[in-house]
Amino acid sequence: MGISKSDPVIIVGGGAFGLSTALHLSLRGYTNITVFEQDGQIPSRYSAANDLNKIMRVEYEDPFYTDLAVEAINAWKTPLFAPHFHQTGFLHCVSEKAPEKAVATLKRFQAAAERHSQMAKYVSSIQGQEDIRQLCWQLDGSLPGWNGYFNRYDGYVHSANALTAVYRATQGRGVRFFLGEGAGAVDKVVYENTPRGRKSNGIRTKAGRFHPASLVIVAAGAAATRLVPEIGTQVVAKSWSVAHVQLTDEETSALRGIPVTYARDLGFFFEPDPKTNLLKLCPMGGGYINTDPSTGLSCPPQSLAERGFLPHEDEIRLRQLLRQSLPALSDRALVKKSLCWFADTSDSDFIVDYVPQTSSSVILLSGDSGHGFKMFPIVGRWIGELLESPNDQQQIPRWSWKAPKPETKSSNWGGDVSWRLGETRELAEVQRSRTSKL
Ligand SMILES: Cc1cc2nc3c(=O)[nH]c(=O)nc-3n(C[C@H](O)[C@H](O)[C@H](O)COP(=O)(O)OP(=O)(O)OC[C@H]3O[C@@H](n4cnc5c(N)ncnc54)[C@H](O)[C@@H]3O)c2cc1C
């Protein structure tokens, strides 16, 4: 569409993808960028990235994403991002009862790491408790049948702190922010009819104020379908659980330096955060969706209160994970429990493209599929490249707009993705069984 670098650009969503886009566009010389974020703060409490940590693993089953993750990890080592990257290594295993699908996925990840020229020398095979103890004495559980590999090239990133750093950096570069329900919550993308077809001329906030723009970039994470309903069920709001154990100073110190520890069939945890003494845990599972029966679209719940719980089945998995690896913590209270909402696609590919029939005035940046934060330092570059691409065409076909499908497989949405395990369930169903237990 060829907007000029001084044209007004609006980014909806001040989460991982939105902030990275603001940073990269400003570095490319765009001078009139405004970010709208529905929460009154950044990191936003609605952002999937507002978290202590996210896994930064480079190996993917798919070399396309491995190459991107290599680029991302190098960017995590540059001054703006480096304080938030911790190269503790990644212990990636299955336990003795892992289903065949988990074992096969693990093997593909291991093979990808072992054949990568840059990474291979950092990778070692892990066969059982003894190997794990040599690597990390703190994991003093029985670790029944744990096999897999350890990759020293990987680690984790402190995602909330990284969001804060980029928020400050973009403010420093003159990016404007409208925050909060009154100023930053966007109700809709506004269109006008032109002789050449429908075109957006800005956004309207929930408070009713119109803001003009030459380009609107929707980076609203799990809520993308609310603003771009044309994408239909190609983007599905899905959630996974997060919980923490509150440690003492001594316990945090004792666990300093442990690798990201991931049993594919149970879940994973990270080195405890030295500031809060929280040890973060995520269970492995098919996740939860929130389908509106009237539209067939899954959107995240509107209120934060509805996100603040841990389904019983996930608690069982987490306690099993702790029992096998850090047994002293297995009966401890789980705190700061929440469902974290992300934008899933059926093939785990991102969507980085113009919305059709908008005269290249609206871009959808979505479909993070629960693996997007590691790319935080480089996501915005993809938007810069799209803006400069010939004929407004996304040059990477897998990131193109996905035409909506007429039918949905709501019962196990995204379950065909190789690295996923377990059935996807409806939030309402889980909430019902929760209330019946109270
Ligand atoms: C439990 C869990 C674990 C994960 N672990 C990892 C991991 O280990 N490694 C990894 O790489 N990735 C991980 N991810 C994925 C990562 O968090 C996401 O890929 C990333 O946060 C996606 O960024 P986003 O900007 O698209 O969405 P978000 O970060 O969710 O940001 C979207 C923003 O848009 C705002 N917004 C929405 N609607 C509106 C509106 N109408 N008006 C204004 N603002 C709006 C929201 O408030 C929010 O701040 C995980 C995700 C989850 C849920």
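**Aromatic pairs and a pocket in a predicted model**

The count comes to 21 aromatic pairs, where rings of Phe, Tyr and Trp (its six-membered ring) pair if their centres lie within 6.5 Å, and planes under 30 degrees apart count as stacked, over 60 as edge-to-face and the rest as tilted. One of them joins Phe17 and Phe350 in an edge-to-face pair, at 5.9 Å centre to centre with 80° between the planes. This pair links distant parts of the chain, 333 residues apart: Phe17 belongs to helix α1 (residues 16–27), and Phe350 to the loop between β19 and β20 (351–354). Helices (H or I, at least four residues) and strands (E, at least two) are DSSP runs, numbered from the N terminus. Both Phe17 and Phe350 are buried, that is, under 20% relative accessible area with a 1.4 Å probe, protein chains only.

The model is predicted, so local features need pLDDT of at least 70 and side-chain atom pairs pLDDT 80 or more, while totals for chains, interfaces and linings use all residues. Residues are numbered from 1 along each chain as its sequence is written, and side-chain values use heavy atoms, with hydrogens and water left out.

Ring pairs also gather Phe17, Tyr60, Phe64, Tyr65, Phe350, Trp382 and Trp399 into a cluster. Over the face of Tyr60 lies Arg57, at 4.4 Å from the ring centre; such a charge (NZ of Lys or CZ of Arg) must be within 6 Å of the ring centre and within 35 degrees of the ring normal. Likewise, the charged end of Arg198 sits over the ring of Tyr191, 3.9 Å from its centre.

Note on methods
Buried means under 20% relative accessible area, exposed over 50%, partly exposed in between (1.4 Å probe, protein chains only).
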